[in-house]
Amino acid sequence: AEVRVVAHRSSEKLRLELWGLETEWRALPLPQIPQPTAGLNLKPAVVRLLRREGIGYLLMSPGHDTYGLLATNVERNPEEWSLEWRAGQQGVALYALAPER
């Protein structure tokens, strides 16, 4: 069996415990050093989902809440999201999903 814990790099000091159930719960050994791997990139899956749902445009406004942080990331890296900037005014931007490649 394999267990993978995917976490943001800011959680590297997070203390993990792994427990298993046979007849009773017991603590299982963990590797002492986490093994970092390449980041999990869900952006292509997000764009596929949007296309499948018939969504072709996103109206986004950068800010400090979750949606605003996402908009800030899109603003900095629209090509990573397969988005094309179309228009913007007063801090709000309109993006179109780029054509499928």
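In the predicted model, strand β1 (residues 18–21) and strand β2 (residues 25–28) are paired in the antiparallel sense through four bridges. The two strands constitute a hairpin, with three residues between them. Within this pairing, Gly20 lies opposite Arg26 of β2. Arg26 is also engaged through its side chain, which meets that of Glu22 in a salt bridge with an N to O distance of 3.0 Å. Glu22 is exposed, at a relative accessible area of 59%, whereas Arg26 is partly exposed, at 39%.

A further set of three strands forms an open sheet in the order β3-β5-β4, with antiparallel pairing. Strands β3 (57–60) and β4 (83–89) occupy the edges; each has a single partner strand, and therefore one side of each lacks a neighbour in the sheet. From one strand to the next, the twist averages 20 degrees. The pairing of β3 with strand β5 (residues 92–97) is antiparallel and extends over four bridges. Tyr57 has Ala96 of β5 as its bridge partner. Helix α2 (residues 66–76) packs on the sheet and touches β3, β4 and β5, its direction making about 115 degrees with that of β3. In general terms, strands of a sheet pair through backbone hydrogen bonds, in either a parallel or an antiparallel manner.

The burial pattern of α2 is consistent with this packing. Gly68, Ala71, Thr72 and Val74 of α2 are buried. These residues lie on the same side of α2, because the arc that they cover around the axis is only 165 degrees. The cover over the buried residues of α2 includes β3, β4 and β5. On the other side of the helix, Thr66, Leu69 and Arg76 are exposed.

Helix α1 (residues 43–52) was examined in the same way. Its buried residues are Lys43, Val47 and Leu50. They are placed on the same side of α1, because they cover an arc of only 60 degrees around the axis. Among the elements that cover the buried residues of α1 are β3, α2 and β5. Exposed residues Arg48 and Arg52 are carried on the face of α1 turned away from its buried side. Just after α1, Gly54 adopts a positive phi of about 80 degrees.

The largest nonpolar core comprises ten residues, namely Val47, Leu50, Met60, Ala71, Val74, Trp81, Leu83, Ala93, Tyr95 and Leu97. Two or more of these residues are given by each of α1, α2 and β5. The greatest contribution to the core is that of β5, with three residues. Nonpolar side chains tend to be buried together in soluble globular proteins. Leu83, one of the core residues, touches Leu58, Val74, Pro78, Tyr95, Ala96, Leu97 and Ala98 when residues up to four places away in sequence are not counted. Val74 is both a member of this core and one of the buried residues of α2. Ala71 likewise belongs to the core and to the buried residues of α2. From α1, Val47 and Leu50 are buried and are included in the core.

A search of the whole structure identifies three salt bridges. One of these, between Glu22 and Arg26, has been described above. In another, Lys43 is joined to Glu80, with the closest N and O atoms 2.7 Å apart. This pair links distant parts of the chain: Lys43 belongs to helix α1, while Glu80 is located in the loop between α2 and β4, 37 residues apart. The two partners also fall into separate accessibility classes. Lys43 is buried, its relative accessible area being 17%, whereas Glu80 counts as partly exposed at 41% relative accessibility. Lys43 is thus one of the buried residues of α1 and a partner in a salt bridge with Glu80.

A salt bridge is also formed between the side chains of Glu84 and Arg86, at an N to O distance of 2.9 Å. Glu84 counts as partly exposed, with a relative accessibility of 30%. Arg86 is likewise partly exposed, with a relative accessibility of 43%.

Notes
Residues are numbered from 1 along each chain as its sequence is written. This is a predicted model: local features need pLDDT of at least 70, side-chain atom pairs count only at pLDDT 80 or more; totals for chains, interfaces and linings use all residues. Side-chain values use heavy atoms; hydrogens and water are left out. Two strands pair if DSSP finds at least two bridges between them. Axes are lines fitted to C-alpha atoms, for helices over the stretch in contact, and angles run from 0 to 180 degrees between N-to-C directions. Contact means heavy atoms within 4.5 Å. A salt bridge is a side-chain nitrogen of Lys or Arg within 4 Å of a carboxyl oxygen of Asp or Glu. Buried means under 20% relative accessible area, exposed over 50%, partly exposed in between (1.4 Å probe, protein chains only). A nonpolar core is a set of buried Ala, Val, Leu, Ile, Met, Phe, Trp, Tyr and Cys residues joined through side-chain atoms within 4.5 Å. The arc is that of the directions from the helix axis to the C-beta atoms.
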